[in-house]
Amino acid sequence: MRTALLIALFCLCIGRPAVAASIQQDIAEADRLNSLCRGGSGDSAATAKHCEKRDAAYAAIERRGWCWGHEGQAGNERQWEKCQQSNGEATPEPKPYSAMFLAMHKDVMLKEQRQQCEDMGIAAGDQKGAARCLNYLERAYSYMRRQAYEVAIPAVGWSICMDKAAYDIDLGARCIAAAKEICKADENGTAMDYSQCVRIMTNGAWVTTPAARALRF
């Protein structure tokens, strides 16, 4: 009995590093796919495939209880870590002015764009292409939703970007990426340089910003 117990404990101990090594391998692979996704051409089928695989890898890591940073961290501070337990903590609150986006039901916002993806698939006889198109819409929407909880963006930014998102969710997401840089705001959502924010966001110059051009899903 004592021998069996010692063997069981030994197996348990040597198994722990294997689990850690396994998740590190998954994270390394996800990072590799992310580099290929973000560094590839936006109109390349290979890039789209890398992005799909990256999203699947991210989801698999999250299912194992790992999170990309935690609430309150800036983007450049985040890394993969064990998800924090809620321990009764309150649900994160949306940032100021994001309610106008969160109030819009996703199915309503994406209805026509989803239909366009499906119609394209039928017309071209390319169901895989239609599926990629639908997945892209979901990723762009998810990006905008994350920003609603993570970044304070002035009302003018949300208003303009929602107008874009209503017919092109990808454009709306890029608009939000630009607004984060152009319309830097305090925690109350007030633009630190309101006149610059309004000028650049309303004249459309935001489309040429590095943040808008570099965003990939």
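**Contacts, salt bridges and surface charge in a predicted model**

Setting aside its neighbours within four places in sequence, Ser 98 is in contact with Ala 148 and Trp 158. The model in question is a predicted one. Ser 98 sits in the loop between strand S2 (80–82) and helix H3 (99–102). With a relative accessible area of 0%, Ser 98 is buried, since anything under 20% goes by that name.

Zooming out, the protein is built from nine helices and two strands. Read from the N terminus on, the elements go α-α-β-β-α-α-α-α-α-α-α. Of the 217 residues in the protein, 32% are buried. As for contacts between residues at least 6 apart in sequence, 63% of them join residues at least 24 apart. The accessible surface adds up to about 13,200 Å², and carbon and sulfur atoms own 55% of that.

Next come the charges. Side chains of opposite charge can pair when their charged atoms come close. In this structure, seven salt bridges turn up. One of them brings together the side chains of Arg 64 and Asp 26, at 2.6 Å from N to O. Arg 64 lies in the loop between H2 and strand S1 (66–68), while Asp 26 belongs to helix H1 (residues 2–39), so this pair ties together parts that are 38 residues apart in sequence. Both ends are partly exposed: Arg 64 has a relative accessibility of 35%, and Asp 26 comes in at 31%.

Helix H1 also carries a salt bridge of its own, between Arg 32 and Glu 29. Here the closest N and O atoms are 2.8 Å apart. Arg 32 and Glu 29 are three residues apart in helix H1, so about one helical turn separates them. Arg 32 is partly exposed at 44% relative accessibility, and Glu 29 is partly exposed too, at 34%.

A further salt bridge links Asp 170 with Arg 174, and its closest N and O atoms are 3.1 Å apart. Both residues are in helix H7 (residues 169–182), four residues apart, which means that about one helical turn lies between Asp 170 and Arg 174. Are these two partners buried or exposed? Asp 170 is buried, with a relative accessible area of 17%, and Arg 174 is buried as well, also at 17% relative accessibility. Elsewhere, salt bridges that share partners hook up Lys 106, Asp 107, Arg 114 and Glu 138 into one network.

Some positive side chains gather on the surface instead. Which residues make up the patch of positive charge there? They are Lys 49, Lys 53, Lys 128 and Arg 132. Two elements each give two or more residues to this positive patch, namely helix H2 (45–63) and helix H5 (127–150). Lys 53 has its place in helix H2. With a relative accessible area of 44%, Lys 53 is partly exposed, and it clears the cut-off for patch membership because that calls for over 30% relative accessible area.

Note on methods. Residues are numbered from 1 along each chain as its sequence is written. This is a predicted model: local features need pLDDT of at least 70, side-chain atom pairs count only at pLDDT 80 or more; totals for chains, interfaces and linings use all residues. Side-chain values use heavy atoms; hydrogens and water are left out. Patches are made of residues with over 30% relative accessible area and no salt bridge: like charges are joined within 9 Å, nonpolar side chains (Val, Leu, Ile, Met, Phe, Trp, Tyr) within 5 Å. Accessible areas come from the Shrake-Rupley method with a 1.4 Å probe; for residues, only the protein chains shown count as cover. A salt bridge is a side-chain nitrogen of Lys or Arg within 4 Å of a carboxyl oxygen of Asp or Glu. Lys and Arg count as positive and Asp and Glu as negative; His and the chain ends are not counted. The place of a charge is taken as NZ of Lys, CZ of Arg, CG of Asp or CD of Glu. Buried means under 20% relative accessible area, exposed over 50%, partly exposed in between (1.4 Å probe, protein chains only). Contact means heavy atoms within 4.5 Å.
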